[in-house]
Each structure stands twice: as C-alpha cells, then as structure tokens.
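Reader: I would like a close look at one part of this model, with attention to how its charged side chains are placed and paired. Please take it slowly and keep the reasoning visible.

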Amino acid sequence: MSTLARARCRAKAHPLAVDAVLAAAVLVCMVAGSFVEPRHRDSVSWVLRTPDPLSLVLMALGAAALVFRRRAPMTVLALTGAVSVLESVTGDPRAPVAMSAVIALYTVASTTDRPTTWRVGLLTMTVLTGTAMAAGSLPWYAQENLAIFAWTGIGATAGDAVRSRRAFVQAIRERAERAERTREEEARRRVAEERLRIARDLHDVVAHHIALVNVQAGVAAHVMDKRPDQAKEALAHVREASRSALNELRATVGLLRQSGDPEAPTEPAPGLDRLDELTGTFRNAGLHIEVARADQDTTLPAAVDLAAYRIIQEALTNVQKHAGPQAKAEVSVVRVGPNIEITVLDDGTGEGETPDDGGGHGLLGMRERVTALRGTLTTGPRYGGGFRVHAILPVKSRTSTGEDPA
C-alpha cells in the first residue's frame with residue numbers, strides 16, 4: 001500500500017483529528033491575515049498592524065467550531081457565521097474571520113443535498129456580504145466586501161461538486177457490486193440447472209436399463225431349469241442392457257469432466273433416430289410395442305430430439321414397470337404444424353402402482369424437459385384402463401438459436 005493510501009486510511013479512521021488539524025491551519029491563516037492591512041490610495045500596498053483582542057477571540061472561536069464540522073455542520077455554520085457577522089460590525093479594520101464560515105459552508109454543501117446547499121449558501125452569502133457592506137467603514141463596493149461574496153460562493157460550489165463526485169463514485173461502486181451479485185446468481189442458477197439436467201439423464205438411463213435387466217433376470221430365473229436356451233437368451237439381453245447402461249452412464253458422467261479431458265466421451269446425445277433401437281430393447285424384454293411415425297423426416301434441434309427420445313424412453317419404462325405383464329404399448333411421433341407430438345399409450349391393467357403414485361421422478365423429469373422447451377405435457381389414466389403420455393414440443397425451440405435451457 002502506498003504512503004498516500006495509508007494516509008487516507010488513517011484520515012478516515014480518525015476524522016476528529018483531521019478536523020482539529022484543519023482548524024489549526026485555518027486559525028494560523030486567519031491570524032496571519034489579521035496582521036496585514038491593505039492601503040488603497042495611489043497604489044495598493046500592505047502594512048503590518050496588530051489585531052484587536054476581540055478579533056483574536058472571534059478567530060479562535062471560529063476555528064474551534066470547525067473541529068466539530070462533520071458532527072454538526074449546520075450548527076458549526078451558524079456559529080462561524082455569527083462570529084463573522086460580529087467581526088464585520090466591530091472590527092476596524094476587519095480580520096478574516098469569515099474564512100471559518102467559508103469552510104463550514106463547504107462542509108454543509110458536501111454533506112447535504114443540492115436544494116439545501118442552494119438555500120443555505122444564498123442565506124450565508126447574503127447575510128455575510130450584506131453585513132460587511134452595510135456595517136463596515138469601507139464603501140460597499142470595496143474589494144474586501146466583494147471577496148466575502150466570492151469566497152462564500154466558491155465554498156458552496158466546491159462542496160456541492162465534492163458531494164456530486166462522491167455520489168457518482170458510490171453509484172458506480174453499487175452498480176459494480178450489483179453486476180457482481182448478478183453474475184454470481186447467474187452462475188449458481190446455471191450450475192443448479194446443469195445438475196438438474198444431469199440428474200434427469202441419469203434417472204432416465206438407470207430407470208430404463210435397470211427395469212429391462214430386472215425383467216430379463218426374472219425371466220432367466222423362471223425358465224433356467226426347464227428351458228435353459230431361453231434363459232441364456234434372457235441373460236444375453238441382460239448383458240446387452242447392462243452394457244448400454246454403462247455406455248450411457250459414461251457419456252452422462254463425462255459431462256462432469258473438465259474440458260480437455262482425453263477420456264471425456266464424444267458420442268452425440270440420443271435422439272429419435274435411435275427409436276427403433278430403443279423399442280427393440282423393450283420388445284426383447286417381452287413388451288409388445290407398436291410404433292407409428294408421421295414426422296416426415298423432420299430434423300429436430302438437439303434439445304428437442306433428446307427430449308423426445310427421453311420422454312418415450314421413460315414412458316415405455318413406466319409401462320414395463322407398472323402396466324402388467326400382458327400390457328401393450330403404442331408409440332406415435334407426429335409432426336403437426338410447428339410442433340412435434342409424442343404420444344405413448346398402454347392398455348395395462350395397472351396391477352402395480354401407477355407412474356404418478358410411487359413418488360418417483362420420471363413424470364417430473366418429463367415435465368421439466370417439456371417446460372424447458374416451452375412445450376406442454378399431459379399425463380394420466382385412460383378411460384377403460386391404461387395410461388397416456390402426450391407431449392407437444394415446438395420444433396423451433398428457443399434453444400435452436402440460443403443457449404441450451406438445461
């Protein structure tokens with residue numbers, strides 16, 4: 001820290017001491033000025049004189065009041081103005097007691113608002129200048145009288161300028177602090193949204209593949225003794241589902257790696273182009289699925305394509321888990337105007353719990369995905385049995401040209 005910075009810190013820590021030093025300096029200047037008397041005859045000249053004892057007392061009172069100028073600026077201005085008026089009436093020649101009033105007026109202007117500065121400044125200027133012009137032995141247009149007018153105006157103007165600069169600097173500081181808080185809040189929001197997105201992906205991946213592994217393992221255990229060939233086939237599906245789960249988990253967890261990590265995965269996110277592969281894994285688990293597509297080979301934005309895939313994946317997982325062993329599912333992907341509509345139906349008996357009864361996060365994750373893309377999601381039981389999931393996703397989402405809402 002520089003010497004100037006240390007001095008400023010000490011001044012801020014001890015304002016009363018600074019004001020005492022200032023008062024002493026003002027007193028020295030007033031006393032020194034009281035020993036000089038200007039002469040205005042043929043030419044301007046200066047002669048030494050001895051100040052009156054009353055003038056010395058008034059100068060001491062005015063300087064002493066300045067010690068408390070920050071604590072009570074109006075009171076100090078009234079006191080210094082009073083001693084200046086008294087000096088103008090009694091002093092002949094006058095001592096520069098008005099210097100203390102100028103400093104007090106500067107303090108008032110620098111610590112109050114502009115309307116107060118105007119009112120107090122004009123009042124002080126009028127009283128001091130008017131008294132000097134009316135009560136003194138010099139003509140009203142004398143240089144000493146005009147000097148009081150000028151110095152009071154300079155004191156008020158300088159104080160107002162200092163106050164305006166402080167307010168400007170404070171506004172800049174507050175704006176910078178608000179901008180910093182906004183950046184921190186935005187960073188926290190992005191982190192929370194990214195964690196939520198990763199949590200949704202992990203839920204979708206784990207729920208889908210673990211459900212398939214559970215079904216195939218149950219089949220293998222059931223037919224192990226009587227039909228070993230079918231048990232081997234079921235175990236093969238278990239191995240395939242486990243491998244797929246590990247690959248997708250590796251891709252998802254790879255998002256948490258630091259940039260530039262050579263082990264970070266580069267495989268693109270799944271989309272509707274892998275719909276046949278997705279439904280094939282459920283068919284291998286024994287679920288009867290019919291797929292109808294009328295999307296006219298629409299090229300979807302990455303966020304919409306991933307959301308559509310995950311919605312179908314979660315809906316079919318719920319069918320596999322909750323709809324019963326004889327349930328059938330229907331999947332439709334239709335382009336309707338500016339939207340892509342995803343519908344998953346099942347005719348299950350619902351012998352187990354329904355998807356929205358178990359307190360899981362599947363339907364909640366679907367809704368968050370759809371809401372992030374400004375789409376709509378409708379879920380609920382069908383009349384006559386079964387469950388229905390219907391999602392409407394805008395093809396031109398806000399993420400297709402902007403940032404990912406994840």
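Is E186 buried, partly exposed or exposed, and what is its relative accessible area? Please also say which side chain E186 meets in a salt bridge, and set that pair beside the others.

Author: The model is a predicted one, and what follows should be read with that in mind. E186 is partly exposed, because its relative accessible area is 28%, and buried would require a value under 20% while exposed would require one over 50%. The side chain of E186 meets that of R189 in a salt bridge, with a distance of 2.4 Å from N to O. R189 is likewise partly exposed, at a relative accessible area of 35%. The two residues both belong to helix α7 and stand three residues apart, so about one helical turn separates R189 from E186.

Helix α7 also holds a second pair with that spacing, since R163 and D160 both lie in this helix, three residues apart, which is about one turn. Their side chains form a salt bridge at 2.7 Å from N to O. Here the surroundings can be stated for each partner: R163 counts as buried at 18% relative accessibility, and D160 is buried as well, with a relative accessible area of 14%.

D160 has a further partner, for it also forms a salt bridge with R114, where the closest N and O atoms are 2.9 Å apart. D160 lies in helix α7 (residues 143–223) and R114 in helix α6 (residues 114–135), so this pair ties together parts that are 46 residues apart in sequence. R114, for its part, is partly exposed, with a relative accessible area of 40%, whereas D160 is buried.

Elsewhere in the chain, D19, R69 and R70 are linked in a network of salt bridges, and the count for the model comes to eight salt bridges.

For contrast with these charged pairs, one may turn to the nonpolar side chains. The largest nonpolar core has 34 residues, and those touching the most other members are I311, I312, L316, I340, I342, V389 and L393. Two or more residues come from each of α9 (275–284), α10 (302–322), β4 (328–336), β5 (339–346), α11 (362–372) and β7 (387–394), with α10 giving the most, nine residues. Leaving aside residues up to four places away in sequence, I340 touches D295, L300, V304, V333, V334, R335, A391, I392, L393 and V395. Another core, of 19 residues, lies apart from the largest one and includes L58, A65, L77 and L105.

Terms used:
Residues are numbered from 1 along each chain as its sequence is written. This is a predicted model: local features need pLDDT of at least 70, side-chain atom pairs count only at pLDDT 80 or more; totals for chains, interfaces and linings use all residues. Side-chain values use heavy atoms; hydrogens and water are left out. A salt bridge is a side-chain nitrogen of Lys or Arg within 4 Å of a carboxyl oxygen of Asp or Glu. Helices (H or I, at least four residues) and strands (E, at least two) are DSSP runs, numbered from the N terminus. Buried means under 20% relative accessible area, exposed over 50%, partly exposed in between (1.4 Å probe, protein chains only). A nonpolar core is a set of buried Ala, Val, Leu, Ile, Met, Phe, Trp, Tyr and Cys residues joined through side-chain atoms within 4.5 Å. Contact means heavy atoms within 4.5 Å.
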